[in-house]
Amino acid sequence: DDLGFVACSPESVVIAFQGTELSEPSDWASDAWASFTDYPEAGGGAVHSGFLSAWQYIRDEIRDHLHTAVQECPRHDEVILTGHSLGGAIATLAAADLMINPLEGFEES
C-alpha cells in the first residue's frame, strides 16, 4: 500500500502523501486516533497520535527514497512536501522532522 512518493527534477524534490482512503481501515484508524503525544523526531511538541503513527510507519522508507532522489538530482533548489487530508498531516510532520533531522545533501535555507 503506497502512502507517498518522492520525485525529482533539476529544480525540485517533491514528496507527496496520499489522503485518507475510504476503503482502508488503517487510514480511518489513523484519522480517529485523536489523542496527543510527544513528537520525538522533531524535538517534542504535542501532535495527533494517529497522524504521527502514520508518519512513523513510512518515515524510514521515505527518507531512503529522498536520499536517492538527492543523489539523482543533486542541484535541487527546493524540497516540496504536499498531501491531502491524512497526507497533509503527514507532510506537515515530515517537514518538521526533516528540518530537525536533515539528510546529507540538504542545506538549511
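**Figure 1. The whole chain: three helices and five strands make up the protein chain.** Along the sequence the elements come in the order β-β-α-β-β-α-β-α. Helices (H or I, at least four residues) and strands (E, at least two) are DSSP runs, numbered from the N terminus. This is a predicted model, so to speak of local features we ask for pLDDT of at least 70, and side-chain atom pairs count only at pLDDT 80 or more, while totals for chains, interfaces and linings use all residues. Residues are numbered from 1 along each chain as its sequence is written, and side-chain values use heavy atoms, with hydrogens and water left out. Of the 109 residues in the protein chain, 36% count as buried (buried is under 20% relative accessible area, exposed over 50%, partly exposed in between, with a 1.4 Å probe and protein chains only).

**Figure 2. Confidence along the chain: the mean pLDDT is 82.** pLDDT is the predictor's confidence in each residue, from 0 to 100. In the protein chain, 83% of residues reach 70 or more. Helix α1 (residues 25–32) has the lowest confidence, with a mean of 61, and α3 the highest, at 93. Where pLDDT is low, the predicted coordinates should not be read in detail.

**Figure 3. The disulfide: Cys-8 and Cys-73 are linked, with their sulfur atoms 2.1 Å apart.** A disulfide here is a pair of cysteine sulfur atoms within 2.5 Å, and searching the whole structure turns up one. Cys-8 sits in strand β1 (residues 4–8) and Cys-73 in the loop between α2 (49–72) and β5 (78–83), so the bond ties together parts that are 65 residues apart in sequence. The link is right-handed, with 50° about the S-S bond. What about its two ends, buried or exposed? Cys-8 is partly exposed at 31% relative accessibility, whereas Cys-73 is buried at 10%.

**Figure 4. Strand β2 and its partners: β1 on an antiparallel footing, β5 on a parallel one.** Two strands pair if DSSP finds at least two bridges between them. Five bridges join β1 to β2, and these two strands form a hairpin with three residues between them. In this pairing, Cys-8 stands opposite Val-13 and Gly-4 stands opposite Phe-17. Six bridges join β2 to β5, with Ala-16 of β2 opposite Thr-82 of β5. Five of the six residues of β2 are buried, so this strand is largely enclosed by the rest of the structure. Ile-15 lies in β2 and is buried, with 0% relative accessibility. From Ile-15 to His-65 it is 9.5 Å in space, C-alpha to C-alpha, though 50 residues separate them in sequence.

**Figure 5. An aromatic pair: Phe-17 and Trp-55 meet edge-to-face.** Rings of Phe, Tyr and Trp (its six-membered ring) pair if their centres lie within 6.5 Å; planes under 30 degrees apart count as stacked, over 60 as edge-to-face and the rest as tilted. By this rule there is one aromatic pair. Phe-17 and Trp-55 lie 6.1 Å apart, centre to centre, with 90° between the planes. The pair links distant parts of the chain, with Phe-17 in strand β2 (residues 12–17) and Trp-55 in helix α2, 38 residues apart. Both Phe-17 and Trp-55 are buried.

**Figure 6. Inside the protein: the largest nonpolar core holds 22 residues.** A nonpolar core is a set of buried Ala, Val, Leu, Ile, Met, Phe, Trp, Tyr and Cys residues joined through side-chain atoms within 4.5 Å. Which residues have the most contacts inside it? They are Phe-17, Tyr-39, Trp-55, Ile-58, Leu-66 and Ile-90. β2, α2 and α3 (86–100) each supply at least two core residues, and α2 gives the most, with eight. In soluble globular proteins, nonpolar side chains tend to be buried together.

**Figure 7. Helix α3 and the loop before it: Ser-85 sits in the loop between β5 and α3.** Ser-85 isn't a glycine, yet has a positive phi of about 60°. It is partly exposed, with a relative accessible area of 45%. As for α3, its 15 residues should span 21 Å at 1.5 Å a residue (the expected span is 1.5 Å times one less than the number of residues), and its end C-alpha atoms are 22 Å apart, which agrees. The buried residues of α3 include Leu-86, Ile-90, Leu-93, Asp-97 and Leu-98.
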